[in-house]
Amino acid sequence: MRVAVCYFTGTGNTATAAREIADRFGPDNPTDLYNIELLPATVDPDFLARYDLVGLGSPVYAYNEPPAFTRFLRELPPGNGKPSFLFMTAGQDPEACLAQPVRTLRRKGYDLRATVCLFMPGNVGCYWFEGDEMVFRFLSPTRRFSTRDMERERRERIDRLVRSLLDGRTEYESVTPWQRFVSWSLRGAFHHAAAPLMKLLPYTAGGCNLCGICVQTCPTQSISILNRRVRFSTSCTVCVRCLNVCPEHAIRVRWPLSVLNRPKQYLSPGWSPPKHD
Ligand SMILES: Cc1cc2nc3c(=O)[nH]c(=O)nc-3n(C[C@H](O)[C@H](O)[C@H](O)COP(=O)(O)O)c2cc1C
Ligand code: SF4
Ligand code: SF4
């Protein structure tokens, strides 16, 4: 079987998960990985026709998928029954955000065979070190995950996902009505308020040396430098990559999104963002 995996990633977690899924498919099922920020805005139907199975992956932002992934799904060509699967990465409650992407894919005629949610370090969560382990607690005072716990659980889930796809079985994560409600109620706030506000809320504090790294690595080309000032635009997808890659830690976000300010920089180990010209 030939597999394509198309994913959006802000800080590399979803790219890491995509690579782990490809490794699990193994050499008998060659898997090509595509970061959607490097694909054309509208995917050519001939591109998908080359594959027997299409995987789509996204992180969870505020119980939803980021606007960049929404746009990508909307622009996908009609599925015409193409076998597909969906995976989401999140720091705490990933099932919550499945409803909308599942609906979009089904509406477009994709034969969705599996959905899976994978725990990854929360890139806006609270984390600290216990010995050499990073420990996370995101939105919950009681649930604690170390990176090792996450890796173990992720391996099991990816293994189950790939086995079910290869055996021709379906495997879906369950989404409770409450999770659906939370996702639906935050969707408008995130897509229609938070993302556009990112034109106004970020600023560069002292220390910006105009190196342009944030401009080159923004996945949605939302940053520019004009008159020796870093400027942000409304196409931001709130991926927090710029806050993490700035070598001077100079990017800050004003209230009410000041929660995005970094206590510590985070990029998935071994991953670095692609550079745009
Ligand atoms: C703006 C924003 C909102 C987030 N909201 C959630 C959330 O609602 N639930 C959750 O579990 N994780 C949330 N996260 C954490 C990310 O989903 C998680 O770290 C993900 O694996 C990041 O993937 P990436 O590195 O591929 O971008 C959020 C991250 C960002 C940047
Ligand atoms: S990456 Fe940081 S230092 Fe470089 S231009 Fe952007 S804000 Fe300034
Ligand atoms: S401006 Fe920053 S947060 Fe917004 S899309 Fe670009 S890198 Fe991501």
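Where is N80 found? Figure 1 starts there, and the other views move on through the rest of this predicted model.

**Figure 1. A close-up of N80 and its loop**. N80 is found in the loop between helix 3 and strand 4, the strand that covers residues 83–90. Although N80 is not a glycine, its phi is positive, at about 45 degrees. Is N80 buried or exposed? Count the neighbours and you have the reply: 12 other C-beta atoms lie within 10 Å, so N80 is exposed.

**Figure 2. The overall fold, for orientation**. Before going further into the details, here is the whole chain. The protein has eight helices and twelve strands. Its radius of gyration is 18 Å, close to the 19 Å that the globule rule gives for 277 residues, so the protein is as compact as a globular protein of that length. Along the principal axes, the C-alpha trace spans about 55 × 45 × 40 Å. Of the 277 residues, 38% count as buried. Among contacts with a separation of 6 or more, 75% come from residues 24 or more positions apart.

**Figure 3. Strand 1, covered on both faces**. Strand 1 runs over residues 3–7, and five of its five residues are buried, so the strand is largely enclosed by the rest of the structure. On one side sit V3, V5 and Y7, while A4 and C6 are on the other, and all of these are buried. Which strand pairs with strand 1? The partner is strand 2 (residues 31–35), joined in the parallel sense over five bridges. To find your way along the pair, look for V3, whose bridge partner in strand 2 is T31.

**Figure 4. Helix 3 and what it packs against**. Helix 3 covers residues 67–75, and its buried residues are P67, A68, F69, F72 and L73. These buried residues pack against three elements you can pick out here: strand 3 (53–59), helix 4 (99–107) and helix 6 (177–197).

**Figure 5. V238 in the nonpolar core**. In soluble globular proteins, nonpolar side chains tend to be buried together. In this model the largest nonpolar core has 62 residues. Which residues have the most contacts inside this core? They are F87, M88 and V238. V238 is found in the loop between strand 11 (229–232) and helix 8 (241–245). With 23 C-beta neighbours inside 10 Å, where 20 are enough, V238 counts as buried. Leaving aside residues up to four places away in sequence, V238 touches Y61, P66, A194, A195 and M198. The backbone deserves a look too: phi of V238 is near 60 degrees, a positive value in a residue other than glycine.

**Figure 6. Y203 in strand 9**. Y203 lies in strand 9, which spans residues 202–204. With 15 C-beta neighbours inside 10 Å, Y203 counts as partly exposed. If residues up to four places away in sequence are not counted, Y203 touches R252 and R254. Another residue to look for in this view is F232: Y203 and F232 are 29 residues apart in sequence, with 8.4 Å from C-alpha to C-alpha.

**Figure 7. The cis peptide bond from W255 to P256**. Follow the backbone from W255 to P256 and you will find a cis peptide bond, with omega near 10 degrees. P256 lies in the segment after strand 12 (251–253).

**Figure 8. The surroundings of ligand 1**. How many residues surround ligand 1? There are 27, and the closest are G10, N13, T14, P59 and A90. Helix 1 (13–25) and strand 4 are the elements that give two or more residues to this shell. By class, the shell around ligand 1 divides into 14 nonpolar, twelve polar and one charged residues.

**Figure 9. The surroundings of ligand 2**. Here 13 residues surround ligand 2, and the closest are C208, C211, I213, C214 and C246. The shell around ligand 2 has nine nonpolar, three polar and one charged residues.

**Figure 10. The surroundings of ligand 3**. Which residues come nearest to ligand 3? Of the 14 around it, they are C218, C236, C239, R241 and C242. The shell around ligand 3 divides into ten nonpolar, three polar and one charged residues.

Note on methods. Residues are numbered from 1 along each chain as its sequence is written. Chains are lettered from A and ligands numbered from 1 in the order in which they are written. This is a predicted model: local features need pLDDT of at least 70, side-chain atom pairs count only at pLDDT 80 or more; totals for chains, interfaces and linings use all residues. A residue is near a molecule or strand if its C-beta atom, placed from the backbone, lies within 6 Å of it. Ala, Val, Leu, Ile, Met, Phe, Trp, Tyr, Cys and Pro count as nonpolar, Asp, Glu, Lys and Arg as charged, and the others, Gly among them, as polar. A nonpolar core is a set of buried Ala, Val, Leu, Ile, Met, Phe, Trp, Tyr and Cys residues joined through C-beta atoms within 7 Å. Two residues are in contact if their C-beta atoms, placed from the backbone, lie within 7 Å. Helices (H or I, at least four residues) and strands (E, at least two) are DSSP runs, numbered from the N terminus. The radius of gyration is taken over C-alpha atoms; the globule rule is 2.2 Å times the number of residues to the power 0.38. Two strands pair if DSSP finds at least two bridges between them.
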